[in-house]
Amino acid sequence: MGRLMGRDFILPDLGEGLTEAEVVAWLVAPGDEVGIDQPVVELESAKSVVQLPTPFAGVVETLGGEVGQVLHAGDVLMTLAPVGAEVASDAAPAVEASTDAAPAPVAAEPGIAVPTEAASEESGAVLIGYGTKATTATKRSAAAPTRFGRRRRGAGTGSGASGGPANASRTATGPAPARLDPARRSPVVSPIVRRIARDHGFDASQLDGSGPDHLVMRRDVEAYVQELEGATTAAPEAMPAAEPTAPMREPAASAAPAPEPAGDRRVPLDRMGRAAAAHFSRSRREIPEATVWMDVDATELLAARRQLQEATGERFGVTAIVARFVVAGLARHPLLNSSFDAEREEIVLHGDVNLGIAAQTPRGLLVPVVHGAGRMSLRELRDAIGSRSEEATSGAFPPSALTGGTFTLNNYGTLGVDGSAAIINVPEAAMLGIGRLVERPWVVDGALAVRTVTELTLSFDHRVCDGAEAAAFLTFVARCIERPVSVLADL
């Protein structure tokens, strides 16, 4: 009697291009019945700790990794059987392939949802990258760690550490490396796939993809990169050895690693540090940025905030008020709320403002995003920023909180500095920074006075706009800070 078909829950991209996460805790165990949108696992990415909900209901049949194991986007997170199906208790570990002759499941590409025949039973709020597909169910040992287990000693740095099912599919059934064909134009959906190919000097669309309709998958690009690297290393070995013209010296001195200078020590980057380093490097490499700045009298801003708090009995922070000025300024200068598509040589003007708020957290610098900020009132924007700030304290962001930003506001005055030539949060086109609020001598109506002054700094992508457009946006925000009443018509 054949087994009932299960469905695989595919690990999605967790934000900002992050493609791997460590299993912190399972919230369910094999045999548990789960409903749509029920949280089933807690994962730690390079930027945050998130709980992922299942996009469909069923009975948990297998878990795709153990606590402490690192999984990659596209790996099978768990397999669910239909409600009412019996889950075997004496099942073999999930790392072993099923003994039934069945087609190996196709690993989902990050950012692509694999079609399913039972879409009507799935969640309508599936995150980008969640793949759901029918597959022959595998089995898992009942002795495997379940919810809130301890971390394994010596856990591997990837799903391949324990030979998970997704990894086994990639290594055992992965396609042979394909050759480039300049006349070929295979579909390439994932930006990650295009970037990996571009970084290695070729066009991914020239490969013959192994996905549906010749879609180029990440494994296709990585296989070809390995072929290129293999050819590079093999070439010197194929050359005939030259006759020595002088006696060979003993390379004993170069064989041993050079000793570390006294007092030096090496500190390896953690997962978040590696992701941040790659993100910053990409921004500096791809974006020809420029910076403009100006000092602004913020005395009237603080006075207006006091009046607002007295009138409403509510608290309003400087960041929230300036954020509302920024949203109004982006409506007037939409080029600053855009991205540059280098492949097509086009400027992408975004239809709404998704405002990133740079935050220094115990996990390092994060940029949670307030989506739909362009449609929010000051009160709504304040509450949304407050909510993101609370999440930043613990790092427990929902998966969507770190994606989709179109402009970033950075209040680095809280760090005690006046200005900074900030690195733009790629793929955005600009970032506005606010310095500390300091009392300084200031000329008012021809006379010196003590005023509260701050510095505004705007870093922008020079491919998107010129200095005149950037200066116009900056002076608009400055005028709103100096005379808050002037922006009432735009709010």
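**A guided reading of the predicted model**

Aspartate 445 is exposed, with a relative accessible area of 80%. This residue belongs to a predicted model, and its place is in the loop between β19 (438–444) and β20. Its backbone deserves attention, for aspartate 445 has a positive phi of about 55° although it is not a glycine. Most residues other than glycine have a negative phi, and most peptide bonds are trans.

A second aspartate can be read in the same way. Aspartate 37, found in the loop between β3 (33–34) and β4 (39–44), has a positive phi of about 70° and is likewise not a glycine. Its relative accessibility is 38%, and because values between 20% and 50% count as partly exposed, aspartate 37 falls into that class.

The peptide backbone also holds a cis bond, which joins valine 426 and proline 427 with an omega of about 10°. Proline 427 lies in the loop between β17 and β18. Both of these strands, β17 (407–410) and β18 (430–434), are among the elements against which the buried residues of helix α9 pack.

Helix α9 covers residues 467–482. At 1.5 Å a residue, its 16 residues should span 22 Å, and the end C-alpha atoms are 22 Å apart, so the expected and modelled lengths agree. The buried residues of α9 are Ala470, Phe473, Leu474, Phe476, Val477, Ala478, Cys480 and Ile481. Besides the two strands already named, they pack against β10 (289–297), β20 (447–461), α6 (299–312) and α7 (318–332).

The last two of these elements, α6 and α7, also contact each other. Two packed helices are described by the angle between their axes and the distance between the axes. The axes of α6 and α7 come within 11 Å and cross at roughly 110°. Angles of 65 to 115 degrees count as roughly perpendicular, and α6 and α7 are therefore roughly perpendicular to each other. On the α6 side the contact is made by Leu301, Leu302 and Arg305, and on the α7 side by Val318, Ile321, Val322 and Phe325. By class, this contact has six nonpolar residues, one charged residue and no polar ones.

Strand β8, at residues 76–81, lies elsewhere in the sequence. Six of its six residues are buried, so β8 is largely enclosed by the rest of the structure. Strand β6 (residues 58–63) runs antiparallel to β8, and four bridges join the two. In one pairing, leucine 63 has methionine 78 of β8 as its bridge partner.

Notes: Residues are numbered from 1 along each chain as its sequence is written. This is a predicted model: local features need pLDDT of at least 70, side-chain atom pairs count only at pLDDT 80 or more; totals for chains, interfaces and linings use all residues. Side-chain values use heavy atoms; hydrogens and water are left out. The expected span of a helix is 1.5 Å times one less than its number of residues. Buried means under 20% relative accessible area, exposed over 50%, partly exposed in between (1.4 Å probe, protein chains only). Contact means heavy atoms within 4.5 Å. Axes are lines fitted to C-alpha atoms, for helices over the stretch in contact, and angles run from 0 to 180 degrees between N-to-C directions. Angles under 35 degrees count as roughly parallel, over 145 as roughly antiparallel, 65 to 115 as roughly perpendicular and the rest as oblique. Ala, Val, Leu, Ile, Met, Phe, Trp, Tyr, Cys and Pro count as nonpolar, Asp, Glu, Lys and Arg as charged, and the others, Gly among them, as polar. Two strands pair if DSSP finds at least two bridges between them.
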